[in-house]
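Okay everyone, grab a seat and have a look at the screen. I'll pick one residue and work outwards from there.

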Amino acid sequence: MTTPHVAPPALVVFDCDGVLVDSERLMQVEFSAMLHEIGLPMSAEETARTFLGRSMPNCLQIIEARLGHPAPDGFLDALQVRAFASFARALEPVPGAPALLDTLDAAGIPYCVASSGSHEKMRTTLGRTGLLARLEGRLTSSLEAARGKPFPDVFLLAASRMGVAAAACVVIEDSPLGIEAARSAGMRAIGLAGLMPADRLAAAGATHVVTHLEQVAPLLGLAPATTPP
């Protein structure tokens with residue numbers, strides 16, 4: 001059964017961090033701690049508002065501009081080590097992510113990932129949460145594109161690899177930069193409010209904003225998949 005007047009998309013494109021895997025909260029805690037250590041005190045909430053959705057090279061540019069000098073050698077590598085250690089201890093899927101993938105599988109709708117993170121990070125986080133097998137071969141990083149979010153390049157590259165026109169795609173994102181990128185690509189964008197307030201996602205151009213992934217299926221014209229008793 002489908003929701004009236006909503007045509008299911010030909011492809012659903014997921015951001016990874018904060019949408020499929022609940023890594024952003026862990027990442028921002030480590031990010032905040034390391035910024036304090038190099039003399040740039042920012043709370044985890046401030047780092048989320050500033051850096052959420054950006055590639056790590058772009059984050060480094062912002063950090064160095066605020067510091068007024070280069071960051072310590074190996075800063076990004078050290079951040080990755082600390083973040084990955086945190087993921088190993090506490091990373092979980094975003095609530096509702098496996099069920100939403102079940103719904104898409106049941107409806108025969110393909111899906112993929114387009115993330116600002118590296119392939120190493122995606123494979124690590126998706127692997128630890130048991131989602132990698134469902135997305136193997138369908139991961140695109142903005143590091144492969146000419147420009148990162150808020151430019152549309154990573155979403156256009158992901159859609160091209162899946163053989164689907166941009167206008168037939170729906171993106172699920174948790175950052176304003178990601179929403180802007182999806183809209184620039186000509187894709188419908190659903191915002192998932194978490195670390196980022198719903199009003200900022202709406203202002204960036206999200207066609208709908210949800211607070212839980214279980215709210216997404218009806219917006220795609222789908223009924224949630226049910227598990228047999």
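So, is Y111 buried or exposed? Y111 counts as buried, because its relative accessibility is 2% (buried means under 20% relative accessible area, exposed over 50% and partly exposed in between, with a 1.4 Å probe and protein chains only). Keep in mind that this is a predicted model: local features need pLDDT of at least 70, side-chain atom pairs count only at pLDDT 80 or more, and totals for chains, interfaces and linings use all residues. Residues are numbered from 1 along each chain as its sequence is written, and side-chain values use heavy atoms, leaving out hydrogens and water.

What sits over the ring of Y111? The charged end of R138 does, 4.8 Å from the ring centre. For that to count, NZ of Lys or CZ of Arg has to be within 6 Å of the ring centre and within 35 degrees of the ring normal.

Now for the ring pairs. How many aromatic pairs does a search of the whole structure find? Three. Y111 is in one of them, with F14: the two are edge-to-face, 6.3 Å centre to centre and 85° between the planes. The rule is that rings of Phe, Tyr and Trp (its six-membered ring) pair if their centres lie within 6.5 Å, and planes under 30 degrees apart count as stacked, over 60 as edge-to-face and the rest as tilted. This pair links distant parts of the chain, since F14 is in strand 1 (residues 11-14) and Y111 is in strand 2 (residues 111-115), 97 residues apart. By the way, helices (H or I, at least four residues) and strands (E, at least two) are DSSP runs, numbered from the N terminus. F14 is buried too, at 1% relative accessibility.

Another of the pairs is F31 with F51, and this one is stacked: 4.8 Å centre to centre, with 25° between the planes. F31 lies in helix 1 (residues 24-37) and F51 in helix 2 (residues 44-51), so the pair ties together parts that are 20 residues apart in sequence. Both ends are tucked away: F31 is buried at 2% relative accessible area, and F51 is buried at 3%.

Let's stay with these helices for a moment. Along with F51, the buried residues of helix 2 are T47, A48 and T50, and what they pack against is helix 1 and helix 3. Right after helix 2 comes G53, whose phi is positive, near 90°. Helix 1 also packs with helix 3 (residues 56-67). Here M27, F31 and L35 of helix 1 make the contact with M56, C59 and I63 of helix 3; contact means heavy atoms within 4.5 Å. So you've now met F31 twice, in the stacked pair and in this contact.

Back to the strands. They belong to an open sheet of six strands, in the order 3-2-1-4-5-6, with parallel pairing. Which strands are at the edges? Strand 3 (139-141) and strand 6 (208-210), and each pairs on one side only. Two strands pair if DSSP finds at least two bridges between them.

Strand 1 has partners on both sides. Three bridges join it to strand 2, and four bridges join it to strand 4. Look at F14 again: its bridge partner in strand 2 is V113, and in strand 4 it stands opposite I172. One residue back, V13 has C112 as its bridge partner in strand 2. Helix 6 (residues 119-128) packs on the sheet, where it touches strand 2 and strand 3.

Strand 2 is also joined to strand 3 by three bridges, running parallel, with S115 opposite S141.

So why call strand 2 largely enclosed by the rest of the structure? Because five of its five residues are buried. In a regular strand the side chains alternate between the two faces of the sheet. For strand 2, Y111, V113 and S115 are on one side, C112 and A114 are on the other, and both faces are covered. Strand 1 is covered on both faces as well, with L11 and V13 on one side and V12 and F14 on the other. Finally, helix 8 (residues 153-162) lies across strand 1, strand 2, strand 3 and strand 4 (169-173).

Note on methods. Axes are lines fitted to C-alpha atoms, for helices over the stretch in contact, and angles run from 0 to 180 degrees between N-to-C directions.
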